[in-house]
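Please examine the sequence and the structure shown below. The paragraphs that follow lead through the model step by step.

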Amino acid sequence: MEVSFEKKDNLLLMAFAGRLDTVASGDLMPKIGDAMDPSVSDVTVDCSALDYISSSGLRIFMTLYKRTAAKGGKFTLKNLSPQVCEVLNITGMATLFNIE
């Protein structure tokens, strides 16, 4: 699992690549915590290279969504693969997030 971060004013852009599973999620949470400084209110996640997401990965999306919502910000997922989109639809999470 690879992740990249880029900050632009109050926006945090992230790009996930590979498999967002239990092992990757455990490694990823501290990195996300470091990147989510107080100035960040909006988060956009590019999922174009995300091959797979597990329930642990969904938990990361929910955590990011809740953190941005608490600040009155916007959480956006973009470039979802059909497989990841299907998981979000099955779990009902697709209705929570802004998806581009």
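The surface that the protein exposes amounts to about 5,300 Å², and carbon and sulfur atoms supply 51% of that area. The model is a predicted one. Of its 100 residues, 39% count as buried, where buried means under 20% relative accessible area. The charged side chains comprise 10 positive and 12 negative ones, and the centres of these two sets lie 5 Å apart.

Attention may now turn to the fold. The protein contains three helices and five strands. Read from the N terminus on, the elements follow the order β-β-α-β-α-β-α-β. Contacts also link parts of the chain that are distant in sequence: among contacts with a separation of 6 or more, 70% are made by residues 24 or more positions apart.

The overall dimensions come next. Along its principal axes, the C-alpha trace spans about 30 × 25 × 20 Å. What radius of gyration would a compact globule with 100 residues have? The expected value is near 13 Å, and the protein has 12 Å, which agrees with a compact globule.

Finally, the confidence of the prediction deserves consideration. The average pLDDT of the protein is 94, and 100% of the residues score at least 70. Where is confidence lowest, and where is it highest? Helix α1 (residues 22-35) has the lowest confidence, at a mean of 88, whereas strand β4 (residues 75-78) has the highest, at 97. Where pLDDT is low, predicted coordinates should not be read in detail.

Note on methods: Residues are numbered from 1 along each chain as its sequence is written. This is a predicted model: local features need pLDDT of at least 70, side-chain atom pairs count only at pLDDT 80 or more; totals for chains, interfaces and linings use all residues. Side-chain values use heavy atoms; hydrogens and water are left out. Helices (H or I, at least four residues) and strands (E, at least two) are DSSP runs, numbered from the N terminus. The radius of gyration is taken over C-alpha atoms; the globule rule is 2.2 Å times the number of residues to the power 0.38. Buried means under 20% relative accessible area, exposed over 50%, partly exposed in between (1.4 Å probe, protein chains only). Contact means heavy atoms within 4.5 Å. Accessible areas come from the Shrake-Rupley method with a 1.4 Å probe; for residues, only the protein chains shown count as cover. Lys and Arg count as positive and Asp and Glu as negative; His and the chain ends are not counted. The place of a charge is taken as NZ of Lys, CZ of Arg, CG of Asp or CD of Glu. pLDDT is the predictor's confidence in each residue, from 0 to 100.
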